Amino acid sequence: MSKPAFSFEFFPAKSEVGHEKLLGTYDELNKLAPGYFSVTYGAGGSTRSRTLKIVKELCARGTTPVAPHISCIGDDKHEVAELLELYKSLGIDRLVALRGDLPSGQVGMGQLPFALDLVKFIREHSGDHFHIEVAAYPEMHPQAKSFLFDIENLVNKYKAGANAAITQFFYNADSYLYLRDALEQRGIDMDTQPLVAGIMPITNSSNLMRFADSCGADIPRYIRKQLADFGDDRTAIREFGFEVVHRLCERLISEGVPAMHFYSMNKVNPNKRLVESLGLVPELLV
Ligand code: FAD
């Protein structure tokens with residue numbers, strides 16, 4: 001069975017110290033030969049300069065492709081077009097295209113209210129220059145009108161030109177498999193337009209609960225209860241988290257998942273440990 005491809009996601013650091021640390025994290029994770037690194041972007045341009053800074057530095061630092069995230073909510077078309085041109089000038093040819101969430105206090109959805117509009121706009125503006133990945137929700141986006149509406153929205157993003165979709169994190173392998181089957185039933189060819197599994201390593205209980213609440217990801221009871229029992233015991237959380245996520249990844253690999261995108265949280269160890277123990281690193285490098 002062929003091993004899935006893998007990639008890592010970073011978020012731009014807020015401080016100079018954090019930025020330097022992130023460059024070190026990049027160097028370590030880059031040794032594992034990931035397919036690409038993605039960098040998040042705050043909707044409404046809230047991290048614009050920080051995202052651009054780290055994207056430029058990563059492009060200059062190595063040859064591994066960098067995929068900036070780009071959001072559309074609250075933006076005008078000319079702002080998005082400007083960013084696309086800038087990325088092209090940096091030699092970037094892949095993007096993660098999202099709607100984003102408006103920063104609190106900001107109103108107005110802008111000229112491109114949904115990710116579907118953004119995918120269409122990128123294709124109109126830049127043709128096939130960019131490999132576009134969009135977001136997918138195995139457990140439904142929290143604001144979706146219904147589960148089926150959300151699936152249709154994803155189908156429409158694929159049909160508008162998305163090359164692949166990356167899922168929100170999940171710990172129920174069946175939710176991923178259900179979504180994959182639902183997409184196939186709706187005519188999406190998973191070989192040419194794959195569904196990439198978004199994997200969140202577990203290292204910190206309270207942060208995980210907060211993320212899960214905000215994005216509508218389900219933390220199964222057997223995980224929640226054990227994390228609660230561990231309290232502040234970080235070693236126990238780390239070891240349990242590793243076991244749970246490793247099992248999830250193994251199941252996904254056995255089900256033929258084409259690729260895994262690790263929400264790295266800008267950390268080396270939990271990601272490196274998972275990728276190595278799953279045997280994803282090319283043999284020449286081991
Ligand atoms: P969409 O696909 O537009 O969907 C958003 C919601 O609108 C869904 O509920 C959908 O069902 C609904 N919808 C779609 N069309 C319509 C319509 N016509 N009428 C009514 N409802 C509709 N956020 C960031 O700010 N920056 C990032 O860098 C970032 N990276 C991410 C990476 C990944 C892999 C994932 C999974 C999420 C990421 N997010 C990021 C979070 C994402 O921006 C939010 O989940 C956001 O709320 C939705 O974005 P989307 O692209 O899925 O939007």
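Helix α5, which spans residues 147-159, supplies the largest share of the shell around the ligand, with four residues. The model examined here is a predicted one. In total, 23 residues surround the ligand. The closest of these are Y41, D101, Y137, H141 and K157. Sorted by class, the shell comprises 11 nonpolar residues, seven polar residues and five charged residues.

Polar contacts to oxygen atoms of the ligand involve both backbone and side-chain atoms of the protein. At R99, a backbone N or O atom lies 2.8 Å from an oxygen atom of the ligand. The backbone also takes part at A144, where a polar backbone atom is 3.1 Å from a ligand oxygen atom. At N153, by contrast, the side chain is involved: one of its N or O atoms is found 2.9 Å from an oxygen atom of the ligand. On its own, the ligand has 980 Å² of accessible area, and the protein covers 85% of this.

The packing of helices was examined next. Helix α3 (residues 77-89) packs with helix α4 (residues 115-126) at an angle of about 55°, and the two axes are 11 Å apart. Because of this angle, α3 is described as oblique to α4. The crossing formed by α3 and α4 is right-handed.

Helix α9, covering residues 234-254, takes part in two helix pairs described here. One partner is helix α6 (residues 173-185), whose axis comes within 10 Å of that of α9 and crosses at roughly 30°. Angles under 35 degrees count as roughly parallel, and α6 is therefore roughly parallel to α9. The handedness of this pair is right-handed, as α6 passes α9.

The other partner is helix α10, formed by residues 269-277. Here α9 and α10 pack at an angle of about 40°, with a separation of 11 Å between their axes. The angle therefore makes α9 oblique to α10. A right-handed crossing is found for α9 and α10.

Taken together, the ligand is surrounded by 23 residues, with helix α5 giving the largest share, and 85% of the accessible area of the ligand is covered by the protein. Among the helix pairs, α3 with α4 is oblique, α6 with α9 is roughly parallel, and α9 with α10 is oblique.

Note on methods
Residues are numbered from 1 along each chain as its sequence is written. This is a predicted model: local features need pLDDT of at least 70, side-chain atom pairs count only at pLDDT 80 or more; totals for chains, interfaces and linings use all residues. Side-chain values use heavy atoms; hydrogens and water are left out. A residue is near a molecule or strand if one of its heavy atoms lies within 4 Å of it. A polar contact is a pair of N or O atoms within 3.5 Å; within protein, one must be able to donate a hydrogen and the other to accept it, and residues adjacent in sequence count only if both atoms are side-chain atoms. Accessible areas come from the Shrake-Rupley method with a 1.4 Å probe; for residues, only the protein chains shown count as cover. Ala, Val, Leu, Ile, Met, Phe, Trp, Tyr, Cys and Pro count as nonpolar, Asp, Glu, Lys and Arg as charged, and the others, Gly among them, as polar. Axes are lines fitted to C-alpha atoms, for helices over the stretch in contact, and angles run from 0 to 180 degrees between N-to-C directions. Angles under 35 degrees count as roughly parallel, over 145 as roughly antiparallel, 65 to 115 as roughly perpendicular and the rest as oblique. A crossing is left-handed if the near helix is turned anticlockwise from the far one by less than a right angle, and right-handed if clockwise.
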